Every structure is written in C-alpha cells, then in structure tokens.
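Let's work through a few short exercises together. Keep the structure open beside you and try each task before you read its solution.

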Amino acid sequence: MNIIICAKVIPASSVTIEINPATKCMVRKGVPHELDPAAACALEEGLRLTEKHGGAVTVITMGIGDATIGIRNALAMGAANAIHILDDALAGSDALGTAKALAAAIKKESFDLVICAAESSDSYSGIVPGQLAQLLGLSPLTFAKEIAVEAKKITIKRQTESGYDLVEAEMPALVTVASGINEPRYPQLKGIMAAKKKEIKQWTAADLGLGPDQVGASGAKEKVLAIGRPAARKAGKVITDEGDGGKQVADFLAELKVI
Ligand SMILES: Cc1cc2nc3c(=O)[nH]c(=O)nc-3n(C[C@H](O)[C@H](O)[C@H](O)COP(=O)(O)OP(=O)(O)OC[C@H]3O[C@@H](n4cnc5c(N)ncnc54)[C@H](O)[C@@H]3O)c2cc1C
C-alpha cells in the first residue's frame, strides 16, 4: 500500500510570528522551521498502516527552502522518500493554489491513500484537504480518530461531538486525521542517519504544469484584507476569602446572571 502524506512545514513553535504589513502574510523566510505537529500525526498514522499492511510512505510538502529541515525530520521518522514543491513563483499561493500544486505532484505518483491533517497548526483554514480530494477525484474521509484498512476498503471512526461515525470508502481515498489520533514517534539515531541518504524530489510550478494564473500571488483568488489582534481581555476579579469567599463568588456569578 502506497501512502502519500501531505505534511506542512511551519515556523517553529519557538518563533514569534510576524506579519509582513505589505502582503499581510506571515513572514516565513529566514525563521526556524519544523514539521507541523499535526502533520507528524498524519505521518505516524501512515507509518503504522504500512508497518501493518506493507508498502511505503511518501511525504509531500509545498514550502520554501527552510522547509527542508521538516522534510528530513519526516524521513527520519520513517517516510521512504519525499517530494518538495519549491519555487519562488509559488509565494503568495492561497489555499486553492496550494491544493492545485499538491494535486499535480500527487498525480505523478502511484498511491492508494492520501493522508492530511484536518488543519495545519499555523494557518489552519482546514480547506486544503477538501480541495485536494476534489482535484484528485477522491472520496474525502474527514476527522479520523481511528483508521482501519482491509483489502481495498478503508474505514474510519469519524470524530463527532457525541462520539464517532463509522465511514468507509474504496481506495484510493483521502483521509484527514483529527488532532490527538496518535502520539507521533521520535526519530531515532538510525532513522536520522538513514534520512540523510533518502531522496527528496523537487518540483517547480512549471514542472507541475502550473502557470501564474493558477498559483502564486497572481493566481490567488483569496485576498487577506486586514489582520488584527483580538481585543484585550478585561482583568479578572480577585476575591480574597475572609470568611465570606463563597458568598462573594455566588454574588459575582449572580451579577453575571450565570446562576
Ligand atoms: C493571499 C494569501 C497569500 C499567501 N501567501 C503564502 C506564502 O507566500 N507562503 C505560504 O507558505 N503560505 C501563504 N499563504 C497561506 C497559504 O495559502 C496556506 O498556508 C495554505 O493554503 C494552506 O492553508 P492552511 O495552512 O490553512 O491549510 P489547512 O487546510 O489548514 O491544512 C490542512 C492540511 O492540508 C495539508 N497542507 C496544507 N498546506 C500544505 C502544504 N503547503 N504542504 C503540504 N501539505 C499541506 C496538510 O496535511 C495540512 O495539515 C497565503 C494565503 C493567502 C490567503
């Protein structure tokens, strides 16, 4: 079973995110990057499936040169090979542009299953996987908290507010995994050494047959109009218990009409 993992590589959690006021986009170039923890869960799920059923995992990312560190991390975890869609012409791509580039690269591969995280941890629009499924003509199975494969059939437990739905489809299919589906493994020294020798294929937009009307800033139909900070929260009320703490809390909640 060949599995493709769409893994975003994002600014490291230690980075204070800055927004370019002119483009209103996140400043990504030159900041430390890491494999998105949500993508690591998708990869872990793919690795577990191939360990059980055989086959190989390919990781694909669209990102700038700084993304290589995250790709190597994915290879060190156990992915067999990787694809890096890397081209300055892709800068400013919106979600659909991203999905088009990923779909064009995936079409070059032979695969049974595509796994994405339900949302990335930096932009988290949660739109890319649905668009990708549409462009690839695959059944989308979303918010999986458990995945099982039997012959050509895939079944997921789809997380819901009250429990889960059982959803099944014929493969090839696309699955998005819910956060917390698993605890991703840490790369071991052997894996880190092996990762250095594994292939990272690189594609440009032109290699994928994509022009400026489809990807990059000129192809983006989504525009970021404004960016703002959430309103500052009011300071809380501190209640000092001098024997009547309980009454004060009750009075405060009554004032708020909570009780
Ligand atoms: C006007 C505009 C300009 C932008 N310019 C840039 C830019 O220059 N550079 C930039 O990096 N972003 C840019 N973005 C953000 C970019 O569009 C989104 O990061 C991208 O579309 C993915 O959206 P998301 O992170 O919300 O994905 P989600 O839909 O939340 O992602 C869900 C899952 O889809 C898969 N996925 C998503 N993105 C990728 C990826 N890149 N590679 C592999 N798998 C992926 C992963 O499995 C991910 O977990 C721009 C956005 C807008 C609106």
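**Exercise 1.** How many residues surround the ligand, and which are the closest?

*Solution.* Start with the total: in this predicted model, the ligand is surrounded by 30 residues. Then pick out the closest, which are Cys6, Lys8, Gly92, Ser120 and Ser125. Next, sort the shell by class: 16 residues are nonpolar, eight are polar and six are charged. Finally, look for helices and strands that supply at least two shell residues each: β4 (56-62), α3 (95-106), β6 (113-117) and α4 (128-136) do so.

**Exercise 2.** Find what lies 2.6 Å from an oxygen atom of the ligand, then look for other polar contacts.

*Solution.* The partner is a backbone N or O atom of Ser125. Now turn to Thr98: an N or O atom in its side chain is 3.1 Å from a ligand oxygen atom. Then try a nitrogen atom of the ligand, where a backbone N or O atom of Met62 lies 2.9 Å away. Each pair counts as a polar contact because its distance is within 3.5 Å. As a last step, consider cover: on its own the ligand has 940 Å² of accessible area, and the protein covers 88% of that.

**Exercise 3.** Which residues make a nonpolar surface patch of about 320 Å², and where is Val224 placed?

*Solution.* The patch is made by Ile17, Ile19, Val224 and Ile227. Following the chain, you find Val224 in the loop between α6 (216-219) and α7 (245-255). Val224 has a relative accessible area of 44%, so it is partly exposed. That value is over the 30% that a patch residue needs.

Note on methods
Residues are numbered from 1 along each chain as its sequence is written. This is a predicted model: local features need pLDDT of at least 70, side-chain atom pairs count only at pLDDT 80 or more; totals for chains, interfaces and linings use all residues. Side-chain values use heavy atoms; hydrogens and water are left out. A residue is near a molecule or strand if one of its heavy atoms lies within 4 Å of it. A polar contact is a pair of N or O atoms within 3.5 Å; within protein, one must be able to donate a hydrogen and the other to accept it, and residues adjacent in sequence count only if both atoms are side-chain atoms. Accessible areas come from the Shrake-Rupley method with a 1.4 Å probe; for residues, only the protein chains shown count as cover. Helices (H or I, at least four residues) and strands (E, at least two) are DSSP runs, numbered from the N terminus. Ala, Val, Leu, Ile, Met, Phe, Trp, Tyr, Cys and Pro count as nonpolar, Asp, Glu, Lys and Arg as charged, and the others, Gly among them, as polar. Patches are made of residues with over 30% relative accessible area and no salt bridge: like charges are joined within 9 Å, nonpolar side chains (Val, Leu, Ile, Met, Phe, Trp, Tyr) within 5 Å. A salt bridge is a side-chain nitrogen of Lys or Arg within 4 Å of a carboxyl oxygen of Asp or Glu. Buried means under 20% relative accessible area, exposed over 50%, partly exposed in between (1.4 Å probe, protein chains only).
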